[in-house]
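Trainee: Can we go through this model together? I'd like to hear what stands behind each label.

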Amino acid sequence: FQLHNLYLVEETSSGISLYDQHAVHERILYEEFINKHKDKKDEKSTQPLLTPVVVNLTAQETDVISEYIEDLVSHDFKIEEFGPNTYKITEVPAPLVNRNIKDIIHELIEDLENDGKLKDVDDKSNKMLTYLACRSAYKAGDYIPEEELGAMLDKLDQMEVKYTCPHGRPVKVELTLKE
């Protein structure tokens with residue numbers, strides 16, 4: 001079950017596990033993005049938007065997005081210039097379809113801008129995917145539909161790296177009955 005729209009709680013044989021809902025969802029999204037990036041032969045999992053999202057940027061944000069636009073396109077965004085300092089997004093990765101795309105783009109740009117320039121293409125792409133997963137994941141205070149809670153924990157359990165988010169924060173804490 002979800003506790004205070006912050007944690008996922010699961011009963012175990014020796015007590016309970018408390019999961020940070022943001023860290024769990026971030027790890028899942030990151031793994032999905034990475035797997036798609038590694039296997040370019042798979043069909044892209046894009047979702048056309050019913051209404052295109054137009055994002056107005058500052059000149060500085062435009063510089064950042066223009067540096068990473070090829071990475072965004074290779075990761076299932078259909079994004080194009082739509083005038084001075086303006087971009088139009090018509091398709092997004094399927095996991096982002098019900099999220100606020102404008103906010104995700106602005107937050108992603110801010111993260112990339114603050115992180116500085118990366119020289120290696122793989123490092124650059126990986127960093128973008130880390131930030132994209134973080135900004136797209138459920139946040140503290142977000143309600144998660146009940147049917148999605150178990151599915152999230154099942155997906156996490158199947159992952160090779162399941163104890164931290166891509167930034168290194170712990171995903172869960174286990175408490176025994178004795179504790």
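Mentor: Sure, let's start with a loop: Asn85 sits between β5 and β6, where helices (H or I, at least four residues) and strands (E, at least two) are DSSP runs numbered from the N terminus. Bear in mind that this is a predicted model, where local features need pLDDT of at least 70, side-chain atom pairs count only at pLDDT 80 or more, and totals for chains, interfaces and linings use all residues. Residues are numbered from 1 along each chain as its sequence is written, and side-chain values use heavy atoms, with hydrogens and water left out.

Trainee: Why is Asn85 called partly exposed?

Mentor: Buried means under 20% relative accessible area, exposed means over 50%, and partly exposed is in between (1.4 Å probe, protein chains only). Asn85 has 31%, so partly exposed is the label. Its phi is near 55°, a positive value in a residue other than glycine.

Trainee: And what makes His4 count as exposed?

Mentor: Its relative accessibility is 67%, so His4 counts as exposed. His4 is in the loop between β1 and β2, and its phi is near 55°, again positive in a non-glycine residue.

Trainee: How do you know that Leu29 is buried?

Mentor: Leu29 has 3% relative accessibility, so it counts as buried. Leu29 belongs to helix α1. Not counting residues up to four places away in sequence, Leu29 touches Pro95, Ala133, Ser136 and Ala137, contact meaning heavy atoms within 4.5 Å. Leu29 and Thr130 are 101 residues apart in sequence, yet their C-alpha atoms are 9.0 Å apart in space.

Trainee: Why are α2 and α3 called roughly perpendicular?

Mentor: Axes are lines fitted to C-alpha atoms, for helices over the stretch in contact, and angles run from 0 to 180 degrees between N-to-C directions. Under 35 degrees counts as roughly parallel, over 145 as roughly antiparallel, 65 to 115 as roughly perpendicular and the rest as oblique. The axes of α2 (residues 59-74) and α3 (residues 101-115) come within 10 Å and cross at roughly 95°. The two helices are therefore roughly perpendicular to each other.

Trainee: Which residues of α2 and α3 meet?

Mentor: Gln60, Glu61, Val64, Ile65, Tyr68 and Leu72 in α2 meet Ile105, His106, Leu108, Ile109, Leu112 and Glu113 in α3. That contact divides into eight nonpolar, two polar and two charged residues. Here Ala, Val, Leu, Ile, Met, Phe, Trp, Tyr, Cys and Pro count as nonpolar, Asp, Glu, Lys and Arg as charged, and the others, Gly among them, as polar.

Trainee: What makes a set of residues a nonpolar core?

Mentor: The set holds buried Ala, Val, Leu, Ile, Met, Phe, Trp, Tyr and Cys residues joined through side-chain atoms within 4.5 Å. The largest such core has 31 residues, of which Ile65, Phe77, Ile79, Ile89, Leu96 and Ile105 touch the most other members. The largest share of this core, six residues, comes from α3. Beyond its neighbours within four places in sequence, Ile105 is in contact with Val55, Ile65, Phe77 and Ile89. A second, separate core has 14 residues, including Ala23, Ile144, Leu153 and Cys165.

Trainee: Why do β4 and β5 count as edge strands?

Mentor: Strands pair if DSSP finds at least two bridges between them. The order in this open, antiparallel sheet of three strands is β4-β6-β5. β4 and β5 each have a single partner strand, so one side of each is left without a neighbour in the sheet. The twist averages 15° from one strand to the next.

Trainee: How do you know that β4 and β6 are paired?

Mentor: Seven bridges join these antiparallel strands, against the cut-off of at least two. Thr46, for one, has Pro93 in β6 as its bridge partner. Helix α3 lies across β4 and β6, running at about 65° to β4.

Trainee: What is the strand order in the sheet of four?

Mentor: The order is β1-β2-β3-β7, an open sheet with antiparallel pairing. β1 and β7 stand at the edges, each with a single partner, so each has one side without a neighbour in the sheet. Helix α5 (residues 146-157) packs on this sheet, touching β1, β2 and β3, with its direction at about 70° to that of β2. β2 and β3 form a hairpin with two residues between them and pair over six bridges, while β3 and β7 pair over five.
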